[in-house]
Amino acid sequence: MAVPKRKVSSQRQNKRRSSVWKLKVPGLSACPKCGEYNLPHRVCSKCGSYNGEEVIKQN
C-alpha cells in the first residue's frame, strides 16, 4: 500500500485548500423599471415591480 514519505507541510496544505473556501458573489440583475440592482427572480425593493408588473404598491 502506498504511504506518503513525508508529512505534508501546512503551507502546501493551505495552498491546496485555498480555492475551496472562496465565497461566490450572487449574480445581480438590474430592474427594468427603475434600474436598481437586486437578486434575480425577486421583487424589486425600490419600485415594487416584478417581471414588469407592479406587485407591491409604493407610497
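His41 lies in the loop between β2 and β3, the latter covering residues 49-50. The model described here is a predicted one. His41 is exposed, because its relative accessible area is 71%. Although His41 is not a glycine, its phi is positive, at about 65°.

Asn51 can be described in a similar way. The place of Asn51 is in the loop between β3 and β4. Asn51 has a positive phi of about 60° and is not a glycine. With a relative accessible area of 70%, Asn51 is exposed.

**A salt bridge between two loops**

How many salt bridges does the count come to? The count comes to one salt bridge. Lys46 forms this bridge with Glu36, and the closest N and O atoms are 4.0 Å apart. Lys46 lies in the loop between β2 and β3 and Glu36 in the loop between β1 and β2, so the pair ties together parts that are ten residues apart in sequence.

Is Lys46 buried or exposed? Lys46 counts as exposed, because its relative accessibility is 53% and the exposed class begins over 50%. Glu36, in the loop between β1 (29-30) and β2, is partly exposed at a relative accessible area of 32%. Neighbours within four places in sequence left aside, Glu36 is in contact with Ser29, Ala30, Cys31, Cys44 and Lys46. The C-alpha atom of Glu36 is separated by 48 Å from that of Ser9, and these two residues are 27 residues apart along the chain.

**Asn38 in strand β2**

Strand β2 covers residues 37-38, and Asn38 has its place there. Asn38 is buried, because its relative accessible area is 12% and buried means under 20%. Which residues is Asn38 in contact with, leaving aside its neighbours within four places in sequence? The contacts of Asn38 are Leu28, Ser29, Cys31, Val43, Cys44 and Ser45.

**Two surface patches**

One patch is positive. Arg12, Lys15, Arg16 and Arg17 form this positive surface patch. Among them, Arg16 lies in helix α1, which covers residues 10-17. Arg16 counts as exposed, because its relative accessibility is 52%.

The other patch is nonpolar. Which residues make the nonpolar surface patch of about 330 Å²? Val43, Tyr50, Val55 and Ile56 make the nonpolar patch. One of them, Val43, is also in contact with Asn38. Another, Ile56, has its place in the segment after β4, which covers residues 53-54. At a relative accessibility of 42%, Ile56 counts as partly exposed, because that class lies between the limits of 20% and 50%.

**Accessibility by residue**

The table gathers residues with their places and values.

| Residue | Place | Relative accessible area | Class |
|---|---|---|---|
| Arg16 | helix α1 | 52% | exposed |
| Glu36 | loop between β1 and β2 | 32% | partly exposed |
| Asn38 | strand β2 | 12% | buried |
| His41 | loop between β2 and β3 | 71% | exposed |
| Lys46 | loop between β2 and β3 | 53% | exposed |
| Asn51 | loop between β3 and β4 | 70% | exposed |
| Ile56 | segment after β4 | 42% | partly exposed |

Terms used. Residues numbered from 1 in each chain as written. Predicted model: local features only at pLDDT ≥ 70, side-chain atom pairs only at ≥ 80, totals over all residues. Heavy atoms only, no water. Patch = residues over 30% accessible without salt bridge, like charges linked within 9 Å, V, L, I, M, F, W, Y side chains within 5 Å. Areas by Shrake-Rupley, 256 points an atom, 1.4 Å probe, with all protein chains shown as cover. Salt bridge = Lys/Arg side-chain N within 4 Å of Asp/Glu carboxyl O. Lys, Arg positive; Asp, Glu negative; His and termini not counted. Charge placed at Lys NZ, Arg CZ, Asp CG, Glu CD. Helix = DSSP H or I, 4+ residues; strand = E, 2+ residues; numbered from the N terminus. Buried < 20%, exposed > 50% of the residue type's maximum accessible area, 1.4 Å probe, protein only. Contact = heavy atoms within 4.5 Å.
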